[in-house]
Every structure is written in structure tokens, then in C-alpha cells.
Amino acid sequence: MRSIWNGAISFGLVSIPIKVVNATENHSISFRQIHTEDGGRIRYRKFCELEDREVTQSEIGKGYEDADGSIVPITDEDLAQLPLPTAKTIEIVAFVPADSIDPLQMDAAYYLAASGAPAAKPYTLLREALKRSNKVAIAKFALRGRERLGMLRVVGEAIAMHGLLWPDEVRAPEGVAPDVDVTVRDKELDLADALMDTLGEVDLEDLHDEYREAVEEVIAAKAAGETPPATPEPAEGGKVLDLMAALEKSVRAAKESRGEEPAEVTEMPRKASRATPKQTAGKKSTAKKTAASAKKSTASARKSTSKSAQATKKSASSTKSTAKKTAAKKTTSRKRTA
């Protein structure tokens, strides 16, 4: 890989000669501007305002426009002789935990390659020190006309550097969050957690740029004189009227896309509140049946007691009648004997 900057890492009194190479590359498809009537290329020509003529690249330099509109010429030699220790040095100023860096500050990424055999030992020392500390190094360096912040970390067996924006270059998120009070229920959070668990993790190697592939298909079709592929029908959308229902549907769809069994529908709070009266009604019905049964038992017991009492009375009456008859017979017998 071609280096874009040569210098050294300053690690206390240790100096590590390095080369900076780009760690990323852009695969986006670029287009040329053309004249729509005949397909001719549209080109921009660079003219000098004072001489009103086109100039070549070798005649073009840098200049700073002052407040009054005047131009102050600045040469590459002027920039190379800046009174900065970071002009040709990546100066490490601190070691901090990686999670203390706000991802909003992250910028372009570079690999730092050891420059020559003498750099191998100190390079390896810094790499292993970063590994063992579980920290990242914060550094200052100058690149492409300005001083920048950098974060050094270990990637594989190499040291990578991420350019960082200065803290005052990151905007505060004012007016971004909703300005109304919103209450999120535990049930909704549970479904959101279930959706996150169902989607799970992903291997970034499996992701690819579908937009670029679609553009390449269109270019290939037009180059061959064929009709470009048709645009697929967009998925039907709609207003989300019920957040709970939308979450449940999302969990089901995520499970089905992974070949898993559809998720069971989680009972919504309003359904649970409807189920409660039914259960109460069931209890009332049971209570009524029990009370009715108890009344019948009591009534039967009363009837049985009444019948027993009547039978006792009849028995007593019969006994009295028999006794009277016996007494009358004895009296008659006595009279006859006399």
C-alpha cells in the first residue's frame, strides 16, 4: 500500500519511524457529467481571473483569502516549516480507556507501518503495551494542512490510527430528541428486548452494498443494449396505530426470517383486564350454585325433621288411644262380674 505520510511516533523519549497508509477504500460507483443531448463530457477548466486564460496544474498553488478579499500566497515549504512538533511526528499525549472516546469524534482510519528494521522493536513494544493495558493512545499529528487528534489502537498485529474530530467540532444534539413527554410501558420494552434478541448478532462480513450491485446491473444492461431490471415493489407500509401490535408482528417476522417458529402472541394489557371480569363471573356462578345447594340441603333437613316430628306425634296419639281402650275394657269386665 502506498504511504500518504512519513514521520515518527513520539512515545515519551522513544521515537518510532512509521509510514501512514489508508486503512479504508471507497467502492462507490462514480459518474461523469455529460451533455444530455449528445453524451459529450462536461469538463471544468481552470482560468486565471487576472490573465483570463486557462492554466495548468503546475501553475496552481495555495492562497488564503483575507477579510478584505486580498489573497495571501502559502507555499508547501511554508507549511512544512510550521513551528509544530506534530508536523512530522505523531505525538502521544495520553492513554485512556477505549470507551471514553465518543464515536461521534471518529473520522478516517489509517494503518501505521513500521518504517525499516530499526523501527520493529519500538513498534512491537508500543503494540504489546497497548494490548496489555486495554487502553488506546491519544495523539496529535499534522496531516493535509491542519493539526488533528488521533486514537491509536491495535488491530491484529498492527497499530491503527483513527483521526478524531476536535471536541468543539462535534455539535450538541439540541432540538433532536422529541420535545413531548412519552411514557414507555414495561410491556413495550419487553417486546423490544424480544425483537432485539430475535434479530441477534450479525457477521459484518455477510453484509454488502446492495445499492452498488444494483447500479452495476443497470450499467451492464444499458451497455449491452438491454432493458434495465425492473424496480421491485416497495413493501407496503402504513401508520403504526398500535405500537404493541407492531412490535409483536416484528418479532414474528424476525423469527420466520430465521426459520424459527413464530413467536407466541404476548397478551396485551387491555386483553388481560378483560379476562379478569370473566374469571370473577365464574367465581360468582360457583358461589351461587353452592348457596343454592346449601339451601336445598337445609330445606331437605327441615322437611325430614318435620316428618319425624309428625310421626312421633302420631305414635304418641296411637299409644294414648290404645291405653284408653284397654282401661274401658277392664271397667266393663268388672261391672259384669259384680
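**Exercise 1. In this predicted model, compare the expected span of helix α5 (residues 243–257) with the distance between its end C-alpha atoms, then state where its buried residues lie.**

Solution.
1. Helix α5 has 15 residues, and at 1.5 Å a residue it should span 21 Å. The expected span is 1.5 Å times one less than the number of residues.
2. The end C-alpha atoms of α5 are 21 Å apart, which agrees with the expectation.
3. The buried residues in α5 are Met 244, Leu 247, Glu 248, Val 251 and Ala 254.
4. These residues cover an arc of only 125 degrees around the axis, so they sit on the same side of α5. An α-helix has 3.6 residues a turn, so residues three or four places apart point the same way.
5. Lys 249 and Ser 257 are exposed and lie on the face of α5 turned away from the buried side.
6. After α5 comes Gly 259, with a positive phi near 75 degrees.

**Exercise 2. Identify the elements that supply the largest nonpolar core, and trace the contacts of Ile 18.**

Solution.
1. The core has 20 residues; Ile 9, Ile 18, Ile 90, Leu 112, Leu 126 and Leu 152 touch the most other members.
2. At least two residues each come from β1, β2, β7, β8, α2, β9 and β11. Strand β9 gives the most, with 4 residues.
3. Leaving out residues up to four places away in sequence, Ile 18 touches residues including Trp 5, Ile 9, Ile 90, Leu 112 and Tyr 123.
4. A separate second core holds 6 residues, among them Val 136, Ile 138, Leu 149 and Leu 164.

**Exercise 3. Decide whether Arg 148 is buried or exposed, and find the nearest side chain of opposite charge.**

Solution.
1. Arg 148 belongs to strand β10 (residues 146–155).
2. Arg 148 is buried and has no salt bridge.
3. The nearest side chain of opposite charge is Asp 107, 4.7 Å away. A salt bridge needs a nitrogen to oxygen distance within 4 Å.
4. Beyond four places in sequence, Arg 148 touches Tyr 110, Ala 139, Lys 140, Phe 141, Leu 143 and Trp 166.

**Exercise 4. Describe the salt bridges of Arg 53 and Arg 127.**

Solution.
1. The whole structure contains 10 salt bridges.
2. Arg 53 pairs with Glu 51 at 2.4 Å, N to O, and with Glu 59 at 2.9 Å between the closest N and O atoms.
3. Arg 53 is partly exposed at 33% relative accessibility, and Glu 59 is partly exposed at 44%.
4. Arg 127 pairs with Glu 157, the closest N and O atoms being 3.5 Å apart. Arg 127 lies in helix α2 and Glu 157 in the loop between β10 and β11, so the pair ties together parts 30 residues apart in sequence.
5. Arg 127 counts as buried at 12% relative accessibility.
6. Shared partners join Arg 127, Glu 128, Lys 131 and Glu 157 into one salt-bridge network.

Technical notes: Residues numbered from 1 in each chain as written. Predicted model: local features only at pLDDT ≥ 70, side-chain atom pairs only at ≥ 80, totals over all residues. Heavy atoms only, no water. Core = buried A, V, L, I, M, F, W, Y, C linked by side-chain atoms within 4.5 Å. Buried < 20%, exposed > 50% of the residue type's maximum accessible area, 1.4 Å probe, protein only. Contact = heavy atoms within 4.5 Å. Lys, Arg positive; Asp, Glu negative; His and termini not counted. Arc of directions from axis to C-beta.
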